[in-house]
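Hi,

Here is the structure I said I'd pass along. Have a look, and my notes are underneath.

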Amino acid sequence: MDSISDAEFGDLVWNPELDWWEGSVKLDSPRSFDLYVFSRDAPDRRISDEARFAFRRVAGMETIVRAYAAGQLTSICNREWSDGRVVTEVEFARRLIPASIEIHEQGYVEFHFKDGGLFAGHEIGVRIKADGSFQEAVIEG
C-alpha cells in the first residue's frame, strides 16, 4: 500500500478500494478519530485544497460538533431509547466516543461517534456542509 507523511494530516495510507487516505487524528478528546480523506477525483491521489481547508476549519470544532449532536438528538434519546432515565444534553455530548472523520474532496465533512450506550450501539453522525454550516445529526446503522 502507498503511504505518505502529510504536513497537515500526518501519516496516511492509501486505500485503493475506497479511494481515500486513511490515518488518525486527535482533536479535543483523549481518544483519536480514524481519519479518512477522499481523493476520488484526483488521478494522482492529491488531497484537494477544499479538503485541506475543511480539515483546518473542523479541527477545533469537536466540542461544538458534540453540542450540535446533543441538541439535535437528546430528545429522541429520551423519548425512544432511555427507558425513562432522562439524559441531559451535557451528558449526551460527554458520552460520545470518537470514531471517525471523513473529509470529502469538495469540503464536506462527516464526524462519526460511538454512542456511549445512548442508542443501543448505533453510531451518531454529524454532517457539515462545505460552507461550514451543519447539515444534520443522525443515528446511523
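Phe113 is buried, with a relative accessible area of 0%. Keep in mind that this is a predicted model. Phe33 also comes out at 0% relative accessibility, so it counts as buried.

Those two residues go together. The ring centres of Phe33 and Phe113 are 5.6 Å apart and the planes sit at 75°; anything over 60 degrees is edge-to-face, so that is what this pair is. Phe33 belongs to strand 4 and Phe113 to strand 6 (residues 109-114), so the contact ties together parts that are 80 residues apart in sequence.

How many aromatic pairs are there by this rule? The count is ten. Another one is Trp20 with Phe38: centres 4.9 Å apart, planes at 70°, so edge-to-face again. This pair links distant parts of the chain too, with Trp20 in strand 3 (residues 20-25), Phe38 in strand 4 (residues 33-38), and the two positions 18 residues apart. Trp20 has 10% relative accessibility and Phe38 has 7%; buried means under 20%, so both qualify. Add Tyr36, and Trp20, Tyr36 and Phe38 form one aromatic cluster.

Last, the helix. Which residues of helix 1 (residues 49-58) are buried? They are Ala51, Arg52, Ala54, Phe55 and Val58. These cover an arc of only 165° around the axis, which puts them on the same side of helix 1. Do click on Arg52 while you're there, since it is on that buried list.

Cheers

Definitions and conventions. Residues are numbered from 1 along each chain as its sequence is written. This is a predicted model: local features need pLDDT of at least 70, side-chain atom pairs count only at pLDDT 80 or more; totals for chains, interfaces and linings use all residues. Side-chain values use heavy atoms; hydrogens and water are left out. Buried means under 20% relative accessible area, exposed over 50%, partly exposed in between (1.4 Å probe, protein chains only). Helices (H or I, at least four residues) and strands (E, at least two) are DSSP runs, numbered from the N terminus. The arc is that of the directions from the helix axis to the C-beta atoms. Rings of Phe, Tyr and Trp (its six-membered ring) pair if their centres lie within 6.5 Å; planes under 30 degrees apart count as stacked, over 60 as edge-to-face and the rest as tilted.
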